[in-house]
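Please open the structure in a viewer and keep the selection tool at hand. The tour below proceeds by selection, one stop at a time.

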Amino acid sequence: MAHATGFFSIPPRLRRLAAPAVFVLFALALLGGAGSPVPRASAAPRAAGPKAYAGLFKDNAVAVLDTATNSVLATIPVPAGPHGIVASPDGRRVYVSSDGDSKVSVIDTASDTIVATIEVGTMPHGLAITPDGRLVLAAVFGANQVAFIDTATNVVIGTAPAGSPHNIAITPDGRTAYVASQTQGQTALVILDIVSRAVKGSVALDKTPRALNFSPDGKQLEFTLAGADAVQVLDPATNTIATQIPVGASPHHPLYLPDGAMSLVVAQGPGELDLLDPAKNTLTAKVKVGEMPHWIALTPDGTSAWVTNENSNSISVVNLASQTVTATIAVGNAPRKIVILPPATAGQSSVRTLAATGSGGQAGGGTSRTLIAGLLASAVILGAACVLAWRAAEER
Amino acid sequence: MRRTTVSHAPLRSRPSPLSRSWRGARAEATRPLLLAAGMALLVAGAACSGGNKGYSARTAPPAAAATPPAAVQQAASPASAPAVAATPFAAGSSTQAASPSAGAATAPALAATPAAPLPVGIAGFAFTPATLHVPVGGSVVWTNNDAVTHTVTPDAGGIDAHELAPGAGFTQTFNTAGTFSYHCAIHPFMKGSIVVG
């Protein structure tokens, strides 16, 4: 009302100009305000570097991050308790199991939406994908079996028995799976033939196996046991434990670097990433990360390790050369498994970004269409309002 | 910036005919029109910004965390405690639990004093003992002696869910007979049960 009083005190000549001027300024302000969130929204899904996917166990969602900018790009809702996460070798798909449910969700990494949901049985835990990307193996904890998913059809083509399976490692040749079987009193690594889905053997354990991974040459399998503060090194040729490497309390996920010259493991008690020398079977360095570190993913160039900190609700980015944390990224609640897409997708991602920019930056994408629609709608309404105002004025 | 330029073009062409047409119009007559046009633009603006679901989803507040409620130390029911403490079973139980309690020495003398909670240790990714017998009205204290967080989560009911950081514990009283199974939600191979009665 205050501005109305001022309005009437303006001389009549100016007043005539002021009405449309205020109208136009108001319209411009509205258009500007409506448009401002758009650039942020349209820029977000396009990653500058390879994308990382982290399961947020207590949020029932998967966070999508850009490893180039260390930022969260999106959050994808999934069924309760996201547990295992793997990416296809071509980086086009990410598979997420939900242990509070019975499903494996398939995420299209181009759109970051769920494109398929696969029923695998109650409480699916860890996932593993064959090197050729044709099969995803799901450790179906509640069903005491491993489900084999054909990634071409997203159908479970068969199962193999394994008691309370938790995590799975596949040999680099893609022929054999080692399954951490957590049935109390019968804890073991169950060995499956991937083609025939038959149990080939078993390595009996006195403690409960947790997470496991093969060396790139397939000559070592590192795994961890609940209640043993050492990484167990198995020789798959003899299926015996060759040695144990003492590390920080409660080690969980072990992971080799692509060249096999180093391996890593998270120690959940002290909250650290331990760096190991697999040739000498020694601990070479410790890097402090967040609380209750859970899982590790490597950037495609192998220079950085991304570590999820379940109790700190964050991800620590560790530079493996300098052995320092270069970034700590806040994510949602209880981040557990994490995967970083392979380099193929990083390239595809840049191509997509370039293509979108090259076509004028406005023609593609849903967000730019929304902007154009908004602008058009505003212009039409503004025009109609002006015509109405004009007619009303003429009548008087 | 490009966007602003685009929106300027059609808008700038309007002021001159507009100002001519409005010549002679009374200000009182323009006010309701301005109001109506303003509201229409607001609707258009809202429609425009409302399309950015991706952005809002990205910044969506985290879903309610499944954090268990704060630990509630439940005292033994005064009504049932004297009767229970008088039984030989309860006396044996209180002896078993005597070591951690400084005031345990007075417990046998006072029948009305609730029995000390029976301990379940969590260590090496296991509940010890895995099965614990308590009398009706008896209490159990869980203590996490591991280096990692564990939970005490009921399979069905009868036990309050708790997330226990290393060193943390909680006590619960059981006033109903029955077998109550529980597990660690983080490490579901960890299982235990309390047999009450």
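**A paired position in chain A**

Select A:Val96 first: its bridge partner in S6(A) is A:Ser105. The model is a predicted one, in which local features need pLDDT of at least 70 and side-chain atom pairs count only at pLDDT 80 or more, while totals for chains, interfaces and linings use all residues. Residues are numbered from 1 along each chain as its sequence is written, and chains are lettered from A and ligands numbered from 1 in the order in which they are written.

**The sheet around this pair**

Now select residues 93-98 and 103-108 of chain A, which are strands S5 and S6; six bridges pair them in the antiparallel sense. Strands here are DSSP runs of E with at least two residues, helices are runs of H or I with at least four, and both are numbered from the N terminus. Two strands count as paired if DSSP finds at least two bridges between them. Strands of a sheet pair through backbone hydrogen bonds, either parallel or antiparallel.

Extend the selection to the four strands of this open sheet, which follow the order S4-S5-S6-S7 in chain A with antiparallel pairing. At its edges are S4 (82-87) and S7 (113-119) of chain A, each of which pairs on one side only. From one strand to the next, the twist averages 25 degrees (axes are lines fitted to C-alpha atoms, and angles run from 0 to 180 degrees between N-to-C directions).

**Strand S1 and its two partners**

Which residues of S1(A) point one way, and which the other? Select residues 51-56 of chain A: A:Lys51, A:Tyr53 and A:Gly55 point one way, A:Ala52, A:Ala54 and A:Leu56 point the other way, and all are buried. A residue is buried if 20 or more other C-beta atoms, placed from the backbone, lie within 10 Å of its own, exposed if 12 or fewer do, and partly exposed in between.

Add strand S2 (residues 61-66) of chain A, which runs antiparallel to S1(A) and is joined to it by six bridges. In this pair, A:Gly55 stands opposite A:Val62. The two strands form a hairpin with four residues between them, and A:Asn60 in the turn has a positive phi of about 50 degrees.

Then add strand S28 (residues 335-340) of chain A, which is antiparallel to S1(A) and joined to it by four bridges. Here A:Tyr53 stands opposite A:Val339.

**The nonpolar cores**

Next, select A:Ala54, A:Val62, A:Leu137, A:Ala138, A:Val146, A:Val179 and A:Ile338, the residues with the most contacts inside the largest nonpolar core, which has 90 residues. Such a core is a set of buried Ala, Val, Leu, Ile, Met, Phe, Trp, Tyr and Cys residues joined through C-beta atoms within 7 Å. Strand S9 (residues 135-140) of chain A gives the most to this core, with six residues. A second, separate core of 24 residues includes B:Val120, B:Phe180, B:Phe189 and B:Ile194.

**Whole chains and confidence**

Select chain A, which has five helices and 28 strands; 50% of its 396 residues are buried. Chain B has six helices and nine strands, with 32% of its 197 residues buried.

Finally, colour chain A by pLDDT, the predictor's confidence in each residue from 0 to 100. The mean for chain A is 84, and 75% of its residues reach 70 or more. Over residues 345-372 of chain A, pLDDT stays under 50.

Definitions and conventions
Two residues are in contact if their C-beta atoms, placed from the backbone, lie within 7 Å.
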